[in-house]
Amino acid sequence: MKQKSQFEKLRFIDLFAGLGGFHQALASLGHQCVFACEIDPQLSSLYELNFGIRPHLDIRTADPQAIPEHDVLCAGFPCQNYSKAGEQLGFNCPRWGDLIEYIIAILDFHKPRLLIMENVPNLMRHEGGRTWENIRQRLINAGYDVSESKLSPDMFGVPQIRERAFIVGRREGLGLFKWPVGFPSEQLSIKAVLDEYPAEARYLEPHFVEYLDAWQDLLDRLPKEEPLPTWPIWAMEFGANYPYVDRTPYSSNYKGFGQYTGAFGQSLSWKLSDQVKELLPSYARDQTEHFPGWKIEFIRKNREFYQRHKATIDAWLPRIRGFAPSFQKLEWNCKGSERNIWSHVIQFRASGIRVKSTRRAPSLIAMTSSQVPVIAWERRFMTERECSRLQSMGELHHLPGTKSSAFKALGNAVNVTVVREIAAALFTADRTPPTCSTLRPEEFEKKALSDAA
């Protein structure tokens with residue numbers, strides 16, 4: 001196959017295009033998108049507005065013969081069937097499990113020289129690694145030398161921790177390709193992507209302020225000489241003594257618990273099984289014989305923490321007794337930083353209120369509006385445009401029209417900076433003429449036979 005010159009424009013296709021992260025990355029390197037595919041009608045229309053290409057909607061109905069010739073296949077294929085946040089159905093997922101088949105069909109027909117793919121890190125671990133090995137073998141069978149790695153935007157100067165699995169492939173061997181290593185820096189700050197008190201921001205409603213003020217009150221009361229817990233604080237464990245190590249309450253059918261206390265030290269005496277269940281923390285109602293080790297450890301640490309600070313906590317506890325369970329938990333993820341919640345970045349999650357350092361933003365996920373990072377010192381949520389900068393999409397002219405759809409799309413997007421770094425390394429290696437030392441033995445033998453013919 002003809003070797004690409006250093007300045008030759010590559011043609012690429014953008015499958016499962018979303019907001020066009022692959023498009024932005026490769027176009028910024030001077031290459032041309034010749035085909036895109038995106039099943040969401042709203043995102044498809046936005047793609048056309050932003051890039052001038054109307055994507056095909058469903059890859060299942062795309063005839064490989066109708067797709068233009070291309071040098072690079074890009075695919076951020078859907079991750080829901082591999083993500084730890086989902087059911088992890090993999091190939092058995094009725095909605096997404098078969099999509100890899102259509103990627104392979106395009107590779108088989110067009111045989112593009114290069115490929116770049118992205119997914120969640122759990123793809124590599126799913127089913128004990130068997131899912132990835134299946135995909136990897138199919139890519140090899142399609143003619144590609146394949147390599148995979150996990151990279152995050154903060155490795156390349158973007159203040160967001162968001163590790164993702166990336167896959168690259170090349171038909172004539174990857175040769176001198178090396179994964180970019182990035183330049184980790186302690187100087188990163190989320191403030192680099194923020195606007196100051198933007199008018200379009202959603203500011204914290206009074207109940208959110210109440211949650212944070214209540215937890216700040218506890219931090220102020222605790223001894224300054226003792227470091228804050230690095231494990232999640234579960235206030236429901238304060239005063240509880242129900243058994244949890246050798247058995248779960250469920251395994252006892254919630255019977256025989258009259259001598260114990262439940263959440264916040266509530267007595268379980270003279271309670272029916274259903275009443276006992278309701279008085280336990282929600283996480284203690286798992287329908288299993290034994291709690292996992294990490295949960296046993298968290299419960300133990302919270303009970304010990306309570307015993308050390310019982311008087312202080314008992315005086316404070318009424319402030320949060322009426323909160324929803326997810327706001328009765330606090331994760332302090334900024335060890336050694338100022339003990340002031342209002343100086344940090346907050347995320348409201350089902351697992352609790354998470355407080356993080358300003359050095360890195362939490363990972364953007366396909367989130368609801370309430371999960372968007374909170375800029376606590378301005379008492380507001382991040383805006384769509386600020387989140388787009390965390391995905392290196394700040395130059396994108398058009399975003400989805402509603403906050404919920406914008407945050408969902410940005411959470412699903414591929415980071416432009418990370419893809420650009422990978423693509424630049426791959427294309428540089430692709431321009432390097434292969435030598436004996438860069439080809440595997442079987443590839444060298446094949447090339448020698450081809451040259452002789």
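Which residues does tryptophan 215 touch, not counting residues up to four places away in sequence? I looked for contacts, meaning heavy atoms within 4.5 Å, and found Ile233, Ala235, Trp316, Ile320, Phe327, Gln328, Lys329, Leu330, Ile341 and Ile353.

A note on the source: I am reading a predicted model, where local features need pLDDT of at least 70, side-chain atom pairs count only at pLDDT 80 or more, and totals for chains, interfaces and linings use all residues. Residues are numbered from 1 along each chain as its sequence is written, and side-chain values use heavy atoms, with hydrogens and water left out.

Next I checked helix α6, residues 206-221. Helices here are DSSP runs of H or I with at least four residues, strands are runs of E with at least two, and both are numbered from the N terminus. At 1.5 Å times one less than the number of residues, the 16 residues of α6 should span 22 Å, and the end C-alpha atoms are 23 Å apart, which agrees.

I then listed the buried residues of α6 (buried is under 20% relative accessible area, 1.4 Å probe, protein chains only); among them are Phe208, Tyr211, Trp215 and Leu219. Their cover includes α9 (310-316) and β8 (329-333).

Last, I traced the sheet, pairing two strands if DSSP finds at least two bridges between them. This open sheet has six strands in the order β7-β8-β10-β9-β11-β12, with mixed pairing. β7 and β12 each have a single partner strand, so one side of each lacks a neighbour in the sheet. β9 and β10 run antiparallel, joined by five bridges; valine 345 has lysine 356 in β10 as its bridge partner.

Methods:
Buried < 20%, exposed > 50% of the residue type's maximum accessible area, 1.4 Å probe, protein only.
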